[in-house]
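Student: Please give me a close look at the nonpolar interior of this model, and then follow the chain outwards to the helix contacts and the unusual backbone geometry. I would like one connected account.

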Amino acid sequence: MYYQKLDDFPKNFLWGAASAAYQIEGAYNEDGKGPSIWDTYAHTEGNTYKGTNGDVAIDHYHHLEEDVGLMAKMGLKAYRFSVAWSRVIPDGEGEVNQAGLDFYIRLVKLLKENQIEPVLTLYHWDLPQALQDKYLGWESRKTVAAFAKYCRVLFETFKDDVKYWVTFNEQNVFTGLGYRWGNHPPKVTDIKRMYAANHIVNLANATAINLFHEMVPKGLIGPSFGYGPVYPLTGDPNDVLASVNADDFNNNWWLDVYCRGEYPYFMMKRLQAMGIAPEVTAADQKLLKSAKPDFLGINYYHGGTVQTNRLQKKVAADDKKDFSSTDPYLMQPKEDQAQSPEIPMFNSVSSPYLEKTEWGWEIDPIGFRVALRQVYEKYRLPIFVTENGLGAADQLVDGQVNDDYRIKYLADHVLTMKEAITDGVEMIGYCAWSFSDLLSWLNGYRKRYGFVYVDRDDDGPKELKRIPKASYYWYQKLIADNGADV
Ligand code: BGP
């Protein structure tokens, strides 16, 4: 319970909503766009729910004016979107495709005309396929050079119009799922390769930040990290130790590099002993140290509960890929499975205290306050919440969607965010995931997150009509009041 009067949200707080190119744009092969690893992955049978893909998605590419019109009507203060690298540079490192770049120039112009602050994500998982084919993507340092070239094009184009930039979206998620668990492209299941690729991404992140500071001195840049606090299942010191391990393993491994420019010592020592640590040269260390983000983007959906690995032994090798016996697209580790099979540091378990969404994600608004406090206390960077939201199978009834469960979810999180601000956390804004319904990477179009319903399902695009949900009007009012009523 909170007995203290809560602070107001800052006056210029950026109430926003987010999206990502592959999940909304469609037009996957139009106007010169090259294929990305997600095009290839989703076109391969068995990789996604019912074979769903982003070929058409919600066809935002052809509904740009209408979609920004809906944002403006809602009163949105910020809109976070990502640029599809292979739309701008089809082969990832060669010629610029002006038609592709023009799409984002139009988008940014429309946003500015409507006083909506653009928040541009440089990389939301859709690596150009050509770089994967030529260099093995993030497993090669050549991809860092290609990324720097792509960044240079965008910095040059948008340096006067875009203030907030995100380097990488959820590096922890795309490297983990892509290189370890084999659930995302490039579908590798090799922990050593995961750590190696992750290190290359760290170099790309640092390179982009340094370049940005040279080219866009008035702008602000940071990564968006998928953060979850870790709880021990019990007060048993063994479980508490497991939670310290999990925090190192799930959070510090990335955040320390971003914010302190160095890998956390304990974990590095452990990985080195096992022969799976990334190779870090003196020049790499110097580069990581030199790049400092201006803010930290936090994507918050849920935390996690862990207990000690009571068996203290490795999980069978063939268990590694087994995320869930019931739904391969759920992306939830099997109950009581060691999260780190090779390194039995902790086991993930369900929290006995929390309810779950239809897709098994824990609902934990207090964890949001814990997360904001922990991250701010540790790194002292302003925080921009770049994602938070509820996936649900919304129903259109008589032309309306009454998503009161989403309103409750968002209101509960906005309240704990206000409490965190009252605690002293410095915050820039909050982007709900997502503005409109869109493609859930592995779960198709059934799992909806938007304020705006889009008339399409897993079998096809239908009319793609946009229908504001009840939550749209709720958020509109919240923005108008600057969150005074939560
Ligand atoms: C985050 C991603 C988003 C979005 C969200 C919801 O990890 O950054 O792109 O998809 O999760 O996830 P899902 O679509 O799997 O429900």
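Tutor: A residue is called buried here if 20 or more other C-beta atoms, placed from the backbone, lie within 10 Å of its own, exposed if there are 12 or fewer, and partly exposed in between. A nonpolar core is then a set of buried Ala, Val, Leu, Ile, Met, Phe, Trp, Tyr and Cys residues joined through C-beta atoms within 7 Å. The model is a predicted one, in which local features need pLDDT of at least 70 and side-chain atom pairs count only at pLDDT 80 or more, while totals for chains, interfaces and linings use all residues. Residue numbers start from 1 along each chain as its sequence is written.

With those terms in hand, the largest nonpolar core comprises 123 residues, and Tyr79, Val83, Leu120, Leu122, Ile298 and Ile383 are the members with the most contacts inside it. The most is given to this core by helix α9, residues 191–215, which supplies twelve residues (helices are DSSP runs of H or I with at least four residues, strands are E runs with at least two, and both are numbered from the N terminus). Leu120 shows how one such member is surrounded: once its neighbours within four places in sequence are set aside, Leu120 is in contact with Phe81, Val83, Phe158, Val162, Trp165 and Val166, where contact means C-beta atoms within 7 Å. A second core, separate and made of nine residues, includes Val230, Ala242, Val306 and Phe346.

Phe346 also allows a long-range pairing to be followed, for it lies 97 residues along the sequence from Phe249, yet the two C-alpha atoms are 9.5 Å apart in space. Phe249 belongs to helix α10, which spans residues 237–260, and Phe249 counts as buried because 22 other C-beta atoms lie within 10 Å of its own.

Returning to α9, we can ask how this helix sits against α8 (171–180). The two pack at an angle of about 145° with their axes 9 Å apart, axes being lines fitted to C-alpha atoms over the stretch in contact and angles running from 0 to 180 degrees between N-to-C directions. On the α8 side the contact is made by Gln171, Thr175, Gly176, Tyr179 and Arg180, and on the α9 side by Ile191, Arg193, Met194, Ala197, Asn198 and Val201. Sorted by class, this contact has five nonpolar, four polar and two charged residues (Ala, Val, Leu, Ile, Met, Phe, Trp, Tyr, Cys and Pro count as nonpolar, Asp, Glu, Lys and Arg as charged, and the others, Gly among them, as polar). The loop between α8 and α9 holds Pro186, which is joined to Pro185 by a cis peptide bond with omega of about 5°.

Two further helix pairs can be read in the same terms. Helix α3, residues 64–74, begins with Leu64, and α3 packs on α5 at an angle of about 30° with the axes 10 Å apart. Leu64, Glu65 and Val68 of α3 meet Arg106, Leu107, Leu110 and Leu111 of α5, and by class this contact has five nonpolar, no polar and two charged residues. Leu64 itself touches Arg106, Leu107 and Leu110 when residues up to four places away are not counted, and its C-alpha atom is 8.6 Å from that of Arg106, 42 residues away along the chain. Leu64 is partly exposed, with 15 other C-beta atoms within 10 Å.

Helix α14 (residues 404–423) and helix α15 (residues 470–480) likewise pack at about 30°, with their axes 8 Å apart. Here Asp404, Arg406, Ile407, Leu410 and Val414 of α14 meet Ala470, Ser471, Trp474 and Leu478 of α15, a contact with six nonpolar, one polar and two charged residues.

The remaining backbone features lie in loops. A second cis peptide bond, with omega of about 10°, joins Trp433 to Ser434, and Ser434 is placed in the loop between β12 (427–433) and β13 (452–454). Gln115, in the loop between α5 (98–113) and β3 (117–123), has a positive phi of about 55° although it is not a glycine, and it is exposed, with 10 other C-beta atoms within 10 Å. Ala27, in the loop between α1 (21–24) and α2 (37–42), is also not a glycine and has a positive phi of about 45°, but Ala27 is partly exposed, with 19 other C-beta atoms within 10 Å.

Conventions
Contact = placed C-beta atoms within 7 Å.
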